[in-house]
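Colleague: Got a minute to walk me through this one? I'd like to start with the surface and then move inside.

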Amino acid sequence: MKKMLILVVLVTLLTSALVATPALAAPTLQMAPALHPGIGLQFPLAALASLRLGDHLALEASMPFAFSGLVSFEASLDAKLYLGTVTVAKLTLRPFIGAGATLIAVVGRWVPGARLLAGLEYRTPQLPVDIFAQITGSLISSGSPSVISVAGSLGGRYDF
């Protein structure tokens with residue numbers, strides 16, 4: 001639990017440091033308006049930190065709050081590509097696809113994996129909050145044979 005909390009804090013601080021404007025910088029050296037860090041929660045319960053790199057691309061790191069009996073660490077890093085907007089029942093949704101990597105420590109052994117994801121995101125009109133639903137397919141190379149899993153998740157993210 002301590003490792004997970006430390007990693008979430010470090011990812012949040014790193015994301016903030018990457019996009020923060022130095023206090024002594026001249027007014028002309030401000031950060032690009034297209035870079036937006038964010039933090040959020042995802043269910044099944046995981047913390048996430050994101051960095052939007054414009055209107056169509058975002059990087060997102062996530063880490064679960066709890067691990068199963070044999071897993072002592074798990075983290076993922078995904079790149080999301082937003083495909084425009086779709087209006088459904090008066091809601092403007094942003095579909096996305098993405099790919100990423102995951103790293104899991106199982107019984108003292110580090111196991112890499114690859115991820116593909118697809119989903120929809122809704123931006124609330126009054127707050128910089130996004131609500132999303134996504135499906136993630138993972139290929140974990142824990143041995144022979146590799147493990148393929150598909151999981152759904154719901155979440156929310158606050159963009160700074």
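Modeller: Sure, and a definition to begin with: accessible areas come from the Shrake-Rupley method with a 1.4 Å probe, and for residues only the protein chains shown count as cover. On that basis the protein chain has an accessible surface of about 9600 Å², with 73% of it belonging to carbon and sulfur atoms. Bear in mind that this is a predicted model, where local features need pLDDT of at least 70, side-chain atom pairs count only at pLDDT 80 or more, and totals for chains, interfaces and linings use all residues. Residues are numbered from 1 along each chain as its sequence is written, and side-chain values use heavy atoms, leaving out hydrogens and water.

Colleague: Which elements does the protein chain have, and in what order do they run from the N terminus?

Modeller: One helix and nine strands, running α-β-β-β-β-β-β-β-β-β. Those are DSSP runs numbered from the N terminus: helices are H or I with at least four residues, strands are E with at least two.

Colleague: How does β8 pair with β7?

Modeller: Strand β7 (residues 109-123) and β8 are antiparallel over eleven bridges, and they form a hairpin with five residues between them. Ala118 stands opposite Ile135 in β8. For strands to count as paired, DSSP has to find at least two bridges between them.

Colleague: And what about β8 with β9?

Modeller: Also antiparallel, with twelve bridges joining β8 to strand β9 (residues 147-159). There Val129 stands opposite Tyr158 in β9.

Colleague: Which side chains of β8 are buried?

Modeller: They alternate along residues 129-140: Asp130, Phe132, Gln134, Thr136, Ser138 and Ile140 point to one face and are buried, while Val129, Ile131, Ala133, Ile135, Gly137 and Leu139 point to the other and are not. Buried means under 20% relative accessible area, exposed means over 50%, and partly exposed is in between (1.4 Å probe, protein chains only).

Colleague: Asp130 has a charge. What does Asp130 form a salt bridge with?

Modeller: Arg52 is one partner, with the closest N and O atoms 3.1 Å apart. That pair links distant parts of the chain, Arg52 in strand β2 and Asp130 in strand β8, 78 residues apart. Arg123 also meets Asp130 in a salt bridge (3.1 Å, N to O). A salt bridge here is a side-chain nitrogen of Lys or Arg within 4 Å of a carboxyl oxygen of Asp or Glu.

Colleague: Are Arg52 and Arg123 buried or partly exposed?

Modeller: Arg52 counts as buried because its relative accessibility is 6%. Arg123 has a relative accessible area of 38%, so Arg123 is partly exposed.

Colleague: Which residues are linked in the network of salt bridges?

Modeller: Arg52, Glu60, Lys80, Glu121, Arg123, Asp130, Arg157 and Asp159. One of the pairs is Glu121 with Arg157, whose closest N and O atoms are 2.7 Å apart. Glu121 lies in strand β7 and Arg157 in strand β9, so the pair ties together parts that are 36 residues apart in sequence. Both Glu121 and Arg157 are buried.

Colleague: Switching to Glu60: buried or exposed?

Modeller: Buried, because Glu60 has 4% relative accessibility. Glu60 sits in strand β3 (residues 57-64).

Colleague: How many salt bridges are there in the whole structure?

Modeller: A search finds eleven.
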